[in-house]
Amino acid sequence: MGRDREVEERRAAVRAGGPPRYHERLRAQGKRFVRERLTELLDPGYEVEDGLFARVLDEGLPADGVVTLVGKIGGRPVVVVANDMTVKAGTWGRLTVAKILRAQELAWERLIPIVYLVDSAGARLDEQFDIFLGRRHAGKIFWNLANMSGVVPQIAVMFGASTAGSAYLPALCDLVIMVDGNTSVYLGSPRMAEMATGERVTMEEMGGARMHCTVSGLGDLLVATESEALAATKRYLGYFPDNYREWPPTAPPREPVPGPAIEDIVPADQEKPFDMHDLLERVVDADSLFELKPLFAPELITALARLDGRPVGIVATNPKVKGGILFPESADKGAWFINLMDAFNLPLLFFQDVAGFMIGSAVERRAIIRRGAKMLVALAQANVPRISVLVRKVYGATYMALGGASFQPDACIALPQAKPAIMGPEAAVNAIYYNQIQAIADPVERARFVQERRREYLERIDVWQAASEFLIDAVVPGSELRRELVQRLDLYLRHREPGRPWPARKHPVLRG
């Protein structure tokens, strides 16, 4: 009994974390103790923890500042690596690194998802020769992240700082969730930046959650509270398989949320904007639409959803935002999402209503061609079932980038009001009739001529031209769109193995 009591006493002391003053500091910052986060994240009653007693004989270093364990979320095992900010500000020491490596290798070998709960001030400089240079030092954490990419889901939940080299941890994960006001991710602090470059910038401007979720694209979800972050983590994992060798888990089918008919949602006028979310909600199962990167490049919607209970990935242009036109940032976003869905065997649905990629010197300098090409490559390499829906106008190279027939989807279907063409009527009429337009001196007559030519052009690119030549597979009324997608997805998934055939892995999930 004495020995048992010693184990319990030591276990309780380690699980209590650092001194009370550091717990009080966390509460003052609106943060919770690491084990409180774990209790909210994980199912009760199952926990296998390695390294609990790491450095138990070293005063002030319980568990060496990191919790590494296997728990369950929704009954499925998941590896968790969680920093403890009450122990030396969550910094990495020699056994912190050893524990993280052990947890990663367990996830890799057993093909289990891994979640990082990040809140750390970085590496301990007084232990740098124990953690920095060797083959089993901190750099191998990032080597593992890169090699596990596309093998098991990897999620970074950012509760606080992830600075200097450790900033690459979220950058190498599939999904990054950031708590507004507390998260900071940067290679060099504002103080370092001022010393090196003279730039004066706040912590939020340098690497805050809102900046990363709206400007840099490093963050995928911006949340207001820690509870929201943990709930989003659980919800996200519910759409994904444990690893690349499996299909994602299904759920009981649900009818879409009640609302207007698709025919009433989509305006007949090609230039009149509407919110594509409204159409998507009428297609997918109720309460299943889960958008990723909603604040970054919002002209392109990238979302998880369920269709008749099956998880799917959705890529859709949103005419309500910048006309749905694709920019360099939206191309990066699309490439990342397509790559992620294909890596973990989620079928892809594309919804097109777009006038093309943006043009002009500003976007050319931001590498719209190179970044657009990444989206094309991601789509060309994807081998999950893919269905593209032409909603209204579909002009230019975006037809390819959003799964048009030339990019070999399982099906390319259209709503009756679709208008597929190389370019829209304004640009086309200008290109075809430029000399004639310039020769008309009377401005009223010139405007009438242009308007008439545009009307004729729109009539020629009617969807029935494409359907008549069997350039697309079907024209479907909005009232039948969901049923059509459900039946086609059921067909295209028949006798298809995930990852067909199994390679050592499919490919990494790149965040270009």
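Phe129, Phe132 and Leu133 come together as a nonpolar patch on the surface of this predicted model. Between them they offer about 420 Å² of accessible area. Elsewhere, a search of the whole structure turns up 35 salt bridges, and a few of those get a closer look below.

**The surface patch**
- Phenylalanine 132, one of the patch residues, sits in the loop between α5 (128–131) and α6 (139–148).
- Is phenylalanine 132 buried or exposed? With a relative accessible area of 60%, phenylalanine 132 is exposed, because anything over 50% counts that way.

**Two helices side by side**
- Helix α6, which follows that loop, has a partner in helix α4 (residues 94–110): their axes come within 10 Å and cross at roughly 15°.
- Angles under 35 degrees count as roughly parallel, so α4 and α6 are roughly parallel to each other.
- As for handedness, α4 passes α6 in a left-handed crossing.

**Salt bridges between α14 and what lies further along**
- Side chains of opposite charge can pair when their charged atoms come close.
- Arginine 366 and glutamate 329 do just that, with their side chains meeting in a salt bridge at 2.9 Å, N to O.
- This pair ties together distant parts of the chain, 37 residues apart: glutamate 329 belongs to helix α14 (residues 328–343), while arginine 366 lies in the loop between α15 (361–365) and α16 (368–381).
- Arginine 366 counts as partly exposed, at 33% relative accessibility.
- Arginine 371 and aspartate 332 also have side chains that meet in a salt bridge, again 2.9 Å from N to O.
- Here the link runs from helix α16, home of arginine 371, to helix α14, home of aspartate 332, and the two residues are 39 apart.
- How much of this second pair is accessible? Arginine 371 is buried, with a relative accessible area of 15%, and aspartate 332 is buried too, with 10%.

**A salt bridge to a strand**
- The side chains of aspartate 462 and lysine 419 meet in a salt bridge of 3.7 Å, N to O.
- Lysine 419 is in strand β16 (residues 419–421), and aspartate 462 is in the loop between α19 (443–460) and α20 (463–468), so this pair bridges distant parts of the chain, 43 residues apart.
- Aspartate 462 counts as partly exposed at 22% relative accessibility, whereas lysine 419 counts as buried at 14%.

**A linked group**
- Which residues are linked in a network of salt bridges? They are Lys31, Arg32, Arg37, Glu40, Asp119 and Glu226.

Technical notes:
Residues are numbered from 1 along each chain as its sequence is written. This is a predicted model: local features need pLDDT of at least 70, side-chain atom pairs count only at pLDDT 80 or more; totals for chains, interfaces and linings use all residues. Side-chain values use heavy atoms; hydrogens and water are left out. Patches are made of residues with over 30% relative accessible area and no salt bridge: like charges are joined within 9 Å, nonpolar side chains (Val, Leu, Ile, Met, Phe, Trp, Tyr) within 5 Å. Accessible areas come from the Shrake-Rupley method with a 1.4 Å probe; for residues, only the protein chains shown count as cover. A salt bridge is a side-chain nitrogen of Lys or Arg within 4 Å of a carboxyl oxygen of Asp or Glu. Helices (H or I, at least four residues) and strands (E, at least two) are DSSP runs, numbered from the N terminus. Buried means under 20% relative accessible area, exposed over 50%, partly exposed in between (1.4 Å probe, protein chains only). Axes are lines fitted to C-alpha atoms, for helices over the stretch in contact, and angles run from 0 to 180 degrees between N-to-C directions. Angles under 35 degrees count as roughly parallel, over 145 as roughly antiparallel, 65 to 115 as roughly perpendicular and the rest as oblique. A crossing is left-handed if the near helix is turned anticlockwise from the far one by less than a right angle, and right-handed if clockwise.
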